[in-house]
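The following exercises are to be worked with the sequence and the coordinates at hand. Each task is followed by a solution in steps.

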Amino acid sequence: MDLFAHKIIPVVIIHDTADAEPLAQALIAGGLPIAEVTFRTAAAAESIEIMSEIDGITVGAGTVLTPEQVEIATEAGAQFFVSPGLRPDVVREAQVSGRPILPGAVTPGEIMQAQSMSIETVKFFPANLYGGAAGIKALAAPFTTMKFVPTGGVSPQNLDEYLSLPYVPAVGGSWMVPATLIDDRRFDEITALCRQAAELAAPYRAADDGDAA
Ligand code: 3PG
């Protein structure tokens, strides 16, 4: 599984588990078949379970704050974990599960702590408040092997700024899966937004394919 294959990781908030299946189908139809289902609602674990049953989509857990949530998400079938910050027992639990985790890190100290736990890629959150692309560039100078997944305030307007950086394998964002559209069950609109997002990311996917060739 390549978490970054699509260059964008949609960050989703699901309030009603009945939305999980149509949302997964909307993401697949829009060409962005991956979702970080955030543990911000009571529906998260069951939604992960439902979406994990569907072929053709990679489903992970986001806003993972405790080792217990890693366990719950693992049981639900999450294939990866994302945490807004760096908590060693959360990272360890994820590593025990054998699935990738993107812990949040935005300072040199946090990045060094992440490196000490064999983390090679961190979530840079909230990217817009921690200096955006310029902030990542400054951190990438000393941390030459670290990769950053900016999330928070990423949009079609600034996507290029981030994805053009060689140490940004992907971004996270909710602009193509707004919670209001999910709650209103406007899945066709989500598909259209995903399609647009996937098109914007396509040149960077092609560049990756070129590298691999
Ligand atoms: C996250 O949890 O990663 C963010 O809430 C997503 O940020 P965005 O809503 O600004 O895209």
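The model used throughout is predicted.

**Exercise 1. Determine which residues of helix 4 are buried, and how they are arranged around the helix axis.**

Step 1. Helix 4 spans residues 88-97, and its buried residues are V90, V91 and A94.

Step 2. These residues lie on the same side of helix 4, because they cover an arc of only 100 degrees around the axis. In general, an α-helix has 3.6 residues a turn, so residues three or four places apart point the same way.

Step 3. The packing partners of the buried residues are helix 3 (67-76), strand 4 (81-82) and strand 5 (101-102).

Step 4. After helix 4 comes G98, with a positive phi near 80 degrees.

**Exercise 2. List the buried residues of helix 1 and describe the glycine just after this helix.**

Step 1. In helix 1 (residues 20-29), the buried residues are A20, P22, L23, A24, A26 and L27.

Step 2. G31, just after helix 1, has a positive phi of about 80 degrees.

**Exercise 3. Describe the largest nonpolar core and the surroundings of V171.**

Step 1. The largest nonpolar core comprises 67 residues, and those with the most contacts inside it are I8, L23, V37, M51, F148, V171 and I190.

Step 2. Helix 9 (residues 187-212) gives the most to this core, contributing seven residues.

Step 3. When residues up to four places away in sequence are not counted, V171 touches K7, I8, I9, V149, P150, V154, L159, Y162 and L163.

Step 4. There is also a second, separate core of nine residues, which includes L3, F4, I9 and V82.

**Exercise 4. Are the two faces of strand 6 covered or uncovered, and in what sense does strand 6 pair with strand 7?**

Step 1. Strand 6 (residues 121-124) has T121 and K123 on one side and V122 and F124 on the other; all are buried, and both faces are thus covered. In a regular strand the side chains alternate between the two faces of the sheet.

Step 2. The pairing of strand 6 with strand 7 (residues 147-150) is parallel and runs over four bridges. T121 has K147 in strand 7 as its bridge partner.

Step 3. From strand 6 the chain passes through helix 6 (residues 132-140) to strand 7, forming a right-handed β-α-β crossover.

**Exercise 5. Classify T151 as buried or exposed, and identify its contacts.**

Step 1. T151 is located in the loop between strand 7 and helix 7 (159-163).

Step 2. The cut-off for a buried residue is under 20% relative accessible area. T151 has 7% relative accessibility and therefore counts as buried.

Step 3. The T151 side chain reaches the backbone oxygen of V149 at 3.4 Å.

Step 4. With neighbours within four places in sequence left aside, T151 is in contact with V11, K123, F124, F125, P126, A127, G172 and G173.

**Exercise 6. Classify P84 and H6 by accessibility and give their contacts.**

Step 1. P84 lies in the loop between strand 4 and helix 4, and its relative accessible area of 27% makes P84 partly exposed.

Step 2. Not counting residues up to four places away in sequence, P84 touches T63, V64, L65, G104 and F125.

Step 3. H6 belongs to the segment before strand 1 (8-12). With a relative accessible area of 16%, H6 is buried.

Step 4. Under the exclusion of residues up to four places away in sequence, H6 touches G31, L32, P33, I34, A201 and R205.

Terms used: Residues are numbered from 1 along each chain as its sequence is written. This is a predicted model: local features need pLDDT of at least 70, side-chain atom pairs count only at pLDDT 80 or more; totals for chains, interfaces and linings use all residues. Side-chain values use heavy atoms; hydrogens and water are left out. Buried means under 20% relative accessible area, exposed over 50%, partly exposed in between (1.4 Å probe, protein chains only). The arc is that of the directions from the helix axis to the C-beta atoms. Contact means heavy atoms within 4.5 Å. A nonpolar core is a set of buried Ala, Val, Leu, Ile, Met, Phe, Trp, Tyr and Cys residues joined through side-chain atoms within 4.5 Å. Two strands pair if DSSP finds at least two bridges between them. A crossover is right-handed if, with the strands pointing away from the viewer, the path from the first strand over the helix to the second runs clockwise. A polar contact is a pair of N or O atoms within 3.5 Å; within protein, one must be able to donate a hydrogen and the other to accept it, and residues adjacent in sequence count only if both atoms are side-chain atoms.
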